Amino acid sequence: MKKNKPIDGKVKAYIDNLFSGVGETQQLFDLKEELATNMKEKIADYHARGMEGEQAFKEAVISMGDLSGLVEDMRKRGQDTAKQAVYSTMTARISTAGTVAGVLLILFGLFTSAMLYFMNLSGNEVIGSGIFVVAGGTLFTYSVLTRETRKRFGMNKIRAAFYALAVGLLLFSLFTGLITRFATGETYSAIAATMVFFLGGAGLLLSLILTGTDRRKNQTDR
């Protein structure tokens, strides 16, 4: 989604005001991101129909309906420290498992390629193990981004998955390029094979960076 700073700021201010007084939790952060995305999509839709900025914003607010029940639910969850602890612990464990598995996959791919290289096998056989690096890098990216830290909330899982996909495409482009180079012996074919996946990954990564949100905690205290 294209970033529109005035509208983005207005949407953020509206949602922050809606949940003012509700204790900060990872669940609240996820919910606010989801609501903001929905509002921006509705506003963009109203703009496409020819509606002006302020009117489009008001219509988007109306279309969201009564959110008082949702606010109260998040307020209760924020006060329930036991549920928060369970949620945070489960998320942290999943993130840790993914991070460890990702690093191990990367190391396995690198060690295997090194072993095959010193066995004097063909370039294709040496590079073939690089697919584990691609898978490991993708899993590592997703797991790290979804991890909540002392200073930052974990990234929305869908957004983190797109980041992981972007990194996976960039790594796969290098893998494909090398495989193609050793298989055909033609550099231009390798560049062509790299370009297809690299452009997709770079474009996706750039769009995510340009539409990113601030995940720092206690922003109102600074």
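# A guided tour of the predicted model

Begin by selecting K10: leaving out residues up to four places away in sequence, K10 touches E54 and F57. Please keep in mind throughout that this is a predicted model.

**First stop: K10 and its surroundings**

K10 belongs to helix α1. Its relative accessible area is 32%, and K10 is therefore partly exposed, since that class lies between 20% and 50%. Now display the ring of F57. The charged end of K10 sits over this ring, 4.9 Å from its centre. To gain a sense of distance, select A160 as well: K10 and A160 are separated by 150 residues in sequence and by 24 Å in space, C-alpha to C-alpha.

**Second stop: the core around V11**

Move next to V11. Setting aside residues up to four places away in sequence, V11 touches A36, M39, K40, I43 and F57. V11 is also one of the residues with the most contacts inside the largest nonpolar core; the others named for this are I15, F19, M39 and I43. That core has 20 residues. Which helices each supply at least two residues of this core? Select α1 (5-18), α2 (26-48), α3 (53-63) and α4 (68-79) to see them. The largest share, seven residues, comes from α2. In soluble globular proteins, nonpolar side chains tend to be buried together.

**Third stop: Q27**

While α2 is on display, select Q27, which is placed in this helix. Is Q27 buried or exposed? Its relative accessibility is 18%, so Q27 counts as buried, the limit being under 20%. Apart from neighbours within four places in sequence, the contacts of Q27 are M74, R77 and Y87.

**Fourth stop: a second core**

A second core, separate from the one visited above, has seven residues. Among them are M155, Y163, A166 and L208, which may be selected together.

**Fifth stop: helix α9**

L208 leads on to α9, in which L208 is buried. The other buried residues to select in this helix are S189, A190, A193, T194, G201 and L204. What do the buried residues of α9 pack against? They pack against α8. Display the whole of α9 next: this helix has 24 residues and reaches 33 Å from its first C-alpha to its last, close to the 34 Å expected at 1.5 Å a residue. Centre the view on M195 to find a kink of about 30° in α9.

**Sixth stop: aromatic rings between α8 and α9**

The model contains six aromatic pairs. For one of these, select F172 and F197. Their ring centres are 4.9 Å apart and their planes stand at 85°, so the pair is edge-to-face. F172 lies in helix α8 (residues 157-184) and F197 in helix α9 (residues 187-210); the pair links distant parts of the chain, 25 residues apart. F172 has a relative accessible area of 28% and is partly exposed. F197, at 29% relative accessibility, likewise counts as partly exposed. Add F175 to the selection: F172, F175 and F197 form one aromatic cluster.

**Last stop: K217 and F153**

Finally, select K217 together with F153. The charged end of K217 sits over the ring of F153, 5.2 Å from its centre. The arrangement may be viewed beside that of the opening stop, where the charged end of K10 sits over the ring of F57.

Notes
Residues numbered from 1 in each chain as written. Predicted model: local features only at pLDDT ≥ 70, side-chain atom pairs only at ≥ 80, totals over all residues. Heavy atoms only, no water. Core = buried A, V, L, I, M, F, W, Y, C linked by side-chain atoms within 4.5 Å. Buried < 20%, exposed > 50% of the residue type's maximum accessible area, 1.4 Å probe, protein only. Helix = DSSP H or I, 4+ residues; strand = E, 2+ residues; numbered from the N terminus. Contact = heavy atoms within 4.5 Å. Phe/Tyr/Trp six-rings, centres within 6.5 Å; stacked < 30°, edge-to-face > 60°. Lys NZ or Arg CZ within 6 Å of the ring centre and 35° of its normal. Expected span 1.5 Å × (residues − 1). Bend = angle between axes of the 7 residues up to and from the residue.
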